[in-house]
Amino acid sequence: MSKQDVIVIGAGVVGLSVAIAAQRRGLTVTVIDKEGPAAGASAGNAGAFAFTDILPLASPGILKKAPKWLLDPLGPLSLPPAYALRIAPWMVRFWRACSPARVEQAIAAQTAMMDLSKAELEPFLQQTGTADMLRKDGNLQVYESEAEFQDSLPGWQARAAHGIAFEHLNANEMTHIQPGLSPRFVRGTFTPGWFSIADPKLYTLALAEHFVATGGRLETAQAQTLKPDADGVTITTTGPDYRCAKVVVCAGAFSHRLARTIGERIPLETERGYNTTLPDNAFDLRTQITFGGHGFVVTKLTSGLRVGGAVELGGLELPPNYRRSEAMLKKAQEFLPGLDASGGKQWMGFRPSLPDSLPAIGAAKASANVLYAFGHGHLGLTQSAGTARLVADLLTGKPSALDLTPFSPQRF
Ligand SMILES: Cc1cc2nc3c(=O)[nH]c(=O)nc-3n(C[C@H](O)[C@H](O)[C@H](O)COP(=O)(O)OP(=O)(O)OC[C@H]3O[C@@H](n4cnc5c(N)ncnc54)[C@H](O)[C@@H]3O)c2cc1C
C-alpha cells in the first residue's frame with residue numbers, strides 16, 4: 001500500500017478537475033472510480049457553462065411552478081410515489097431555502113462561485129489541452145406568452161444587478177439567432193456569456209487522459225469506507241485498501257454514503273435528469289435553447305443533438321423511466337418543427353443536489369484530512385474549474401479565493 005499525498009474518489013468532471021489542479025501544485029495524486037472515468041452525470045449532461053445561472057433552484061419562483069408541474073407525471077418535475085416519503089426531509093430543507101433572505105444569500109454565493117469558475121475555466125482548458133472544445137454560442141431562453149416573459153423579469157433584474165449581459169427579443173428578432181422555432185414562442189432572452197463544451201463525455205475523458213499523461217494514477221475501485229487518523233486516511237474499497245495524506249470525496253450523487261462512514265449526515269439527494277441524443281443532422285441548431293416552461297434544453301454536441309433536462313426526485317435505486325426522455329423529445333418536435341427525432345439514444349443521470357442549490361466544499365466534521373467537493377446539482381460542469389481551484393487551495397494551505405462559509409458541508 002503506497003501512500004499518496006491525495007486520493008480523489010470519483011472520476012467525474014469535478015473529481016478529475018480537482019485531481020489535475022492538485023497535481024499541478026506538486027502533489028502526488030491517485031483517482032479511484034468504481035466504474036472508470038466519465039461514468040456518471042458528467043458524461044450525459046447538456047454541456048453548458050451556465051455562468052449566468054446564478055439564481056438558485058430553491059426560490060419562490062419554483063414554489064409557484066411546482067404544483068402545476070407535479071400534476072403531469074412526465075412533466076419537468078416529478079416525484080415518484082415510491083420515493084416521496086424518503087425525500088421529505090430534503091424537501092423541507094429545500095422549502096426553507098426558498099425564503100427571500102436565503103435566496104439573496106444563495107445568489108451572492110453563487111455569483112462569487114460563478115465569477116471564480118469563469119475566471120479559472122479558460123486557463124484550465126489551456127493547461128489541459130482542451131481549449132479547442134470551448135464554444136461561445138450563447139443561450140436563448142424562449143417564452144410562450146407575454147405573461148411568461150413578464151414573470152421571468154425579476155430573475156433577469158437580479159442577473160443584471162450582478163453584471164450579467166442579456167438581450168430581450170421579440171419573435172422576429174429571435175429568428176436571426178435561431179431560425180426554425182415554432183411561432184408559439186413569442187418572446188426570448190439571449191445570453192451571450194453562456195459557453196458550452198463541445199461534448200461533456202469527451203471533455204471528461206480528455207481530462208482523464210491529461211491527468212494520467214502528467215503523472216496521475218487512475219484506478220478502478222469502489223470506495224467503501226473512510227478511516228481518518230492523525231496522519232492521513234485509509235480508504236477501504238472492494239479491492240485493496242488505499243492510504244493517503246488527504247482524501248477528496250467527489251463521488252457525485254453517491255458522496256453522502258462515504259460521509260456516512262465517518263459519522264456525518266449530509267442531505268444530498270439526486271435530481272435525476274433524462275435526455276435523448278439525436279444524430280448530428282437532426283436540426284440546424286445555432287445556440288443552446290432553453291424551454292424554461294418545460295424544463296429542458298436542446299444543445300448541439302460533437303456526439304449529436306441532445307434534448308434533455310427534467311427533474312425526477314427518485315433517489316439512486318429506482319429504475320429509469322425513459323418515458324421522460326420520450327416526452328421531452330415529443331415536445332422538442334413541436335417546438336422545433338423541422339427536427340428529425342429518429343435514431344436517438346436515451347440516457348438518465350444523477351445530478352448531485354443539496355437543498356439550497358449550492359455545492360459542499362470543505363473539510364469533514366470528523367477530520368481535516370477528509371475534504372468534500374460534491375453537490376453541484378445542475379452546475380457541476382460549470383463550476384468544475386472553480387471547485388478545482390478552491391480544493392487545491394485547501395489541500396496546499398493557501399488562502400481561499402472565496403469565502404467558503406456558504407459552501408460549508410456542515411451548514412445544514
Ligand atoms: C440531464 C442533465 C443535464 C445537465 N446539464 C448540465 C449543464 O449543462 N451544465 C452543468 O454545469 N451541469 C449540468 N448537469 C449537472 C452535471 O452533470 C453534474 O453536476 C456533474 O456532472 C457532477 O459531476 P461530479 O463529478 O460531481 O459527479 P459524476 O459525474 O456523477 O461523477 C461521480 C463519479 O463518482 C464515482 N463514484 C461514485 N461512488 C463511488 C465510490 N463509492 N467509489 C468510487 N467511485 C465512486 C462514479 O462512478 C462517478 O464516475 C446536468 C445533469 C443532468 C443529469
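**Structural features of the predicted model**

Strands E19 and E20 form a hairpin in which six residues lie between the two strands. In this predicted model, E19 (residues 360-363) and E20 (residues 370-374) run antiparallel and are joined by four bridges. Within this pairing, Ala360 has Phe374 of E20 as its bridge partner.

A further antiparallel arrangement involves three strands, which form an open sheet in the order E3-E9-E5. Strand E3 (48-49) and strand E5 (134-135) stand at the edges with a single partner strand each, so that one side of each has no neighbour in the sheet. The pairing of E3 with strand E9 (residues 195-197) is antiparallel and comprises two bridges. Phe49 is placed opposite Phe195 of E9. In general, the strands of a sheet pair through backbone hydrogen bonds, in either the parallel or the antiparallel sense.

The largest nonpolar core contains 113 residues, of which Val18, Val249 and Val391 touch the most other members. Apart from residues up to four places away in sequence, the contacts of Val18 are Val8, Val248, Cys250, Ala373, Thr387, Ala388 and Val391. Val18 is also one of the buried residues of helix H1. This helix is mostly covered, with 11 of its 12 residues buried. The buried set runs through Val13, Val14, Gly15, Leu16, Ser17, Val18, Ala19, Ile20, Ala21, Ala22 and Gln23. From its first C-alpha to its last, H1 reaches 17 Å, close to the 16 Å expected at 1.5 Å a residue. Just after H1, Gly26 adopts a positive phi of about 90°.

Contacts with H1 are also made by Ser384, which is located in helix H11 (residues 384-396). Ser384 touches Val13, Val14 and Ser17, when residues up to four places away in sequence are not counted; these three contacts are among the buried residues of H1. Ser384 is itself buried, because 31 other C-beta atoms lie within 10 Å. Between Ser384 and Ile54, 330 residues apart in sequence, the C-alpha to C-alpha distance is 15 Å.

The ligand is surrounded by 42 residues, among which Gly12, Gly40, Gly252, Gly273 and Gly380 come nearest. Two or more residues of this shell are contributed by each of helix H1 (13-24), strand E2 (29-33), helix H2 (41-44), strand E14 (269-278), strand E17 (304-312) and strand E18 (345-353). By class, the shell comprises 19 nonpolar, 19 polar and four charged residues.

The loop between E2 and H2 contains Glu35 and Ala38, which fall into opposite burial classes. Glu35 counts as exposed, because its C-beta neighbours inside 10 Å number 10. Ala38, with 23 C-beta neighbours inside 10 Å, counts as buried. The phi of Ala38 is near 60°, a positive value in a residue other than glycine. Glu35 and Arg243 are 208 residues apart along the chain, and their C-alpha atoms are separated by 20 Å.

A positive phi, of about 65°, is also found at Ala310, although this residue is not a glycine. Ala310 is located in strand E17 and counts as buried, because it has 23 C-beta neighbours inside 10 Å. Strand E17 is among the elements that give two or more residues to the shell around the ligand.

Strand E17 is also one of the packing partners of helix H10. The 13 residues of H10 (residues 323-335) should span 18 Å at 1.5 Å a residue, and the end C-alpha atoms are 18 Å apart, in agreement with that expectation. Its buried residues are Arg324, Ser325, Ala327, Met328, Leu329, Ala332 and Phe335. These buried residues pack against E14, strand E15 (288-291), strand E16 (296-301), E17 and E18. Of these partners, E14, E17 and E18 are listed among the elements that contribute two or more residues to the ligand shell.

Key: Residues are numbered from 1 along each chain as its sequence is written. This is a predicted model: local features need pLDDT of at least 70, side-chain atom pairs count only at pLDDT 80 or more; totals for chains, interfaces and linings use all residues. A nonpolar core is a set of buried Ala, Val, Leu, Ile, Met, Phe, Trp, Tyr and Cys residues joined through C-beta atoms within 7 Å. A residue is buried if 20 or more other C-beta atoms lie within 10 Å of its own, exposed if 12 or fewer, and partly exposed in between; C-beta atoms are placed from the backbone. Two residues are in contact if their C-beta atoms, placed from the backbone, lie within 7 Å. A residue is near a molecule or strand if its C-beta atom, placed from the backbone, lies within 6 Å of it. Ala, Val, Leu, Ile, Met, Phe, Trp, Tyr, Cys and Pro count as nonpolar, Asp, Glu, Lys and Arg as charged, and the others, Gly among them, as polar. The expected span of a helix is 1.5 Å times one less than its number of residues. Two strands pair if DSSP finds at least two bridges between them.
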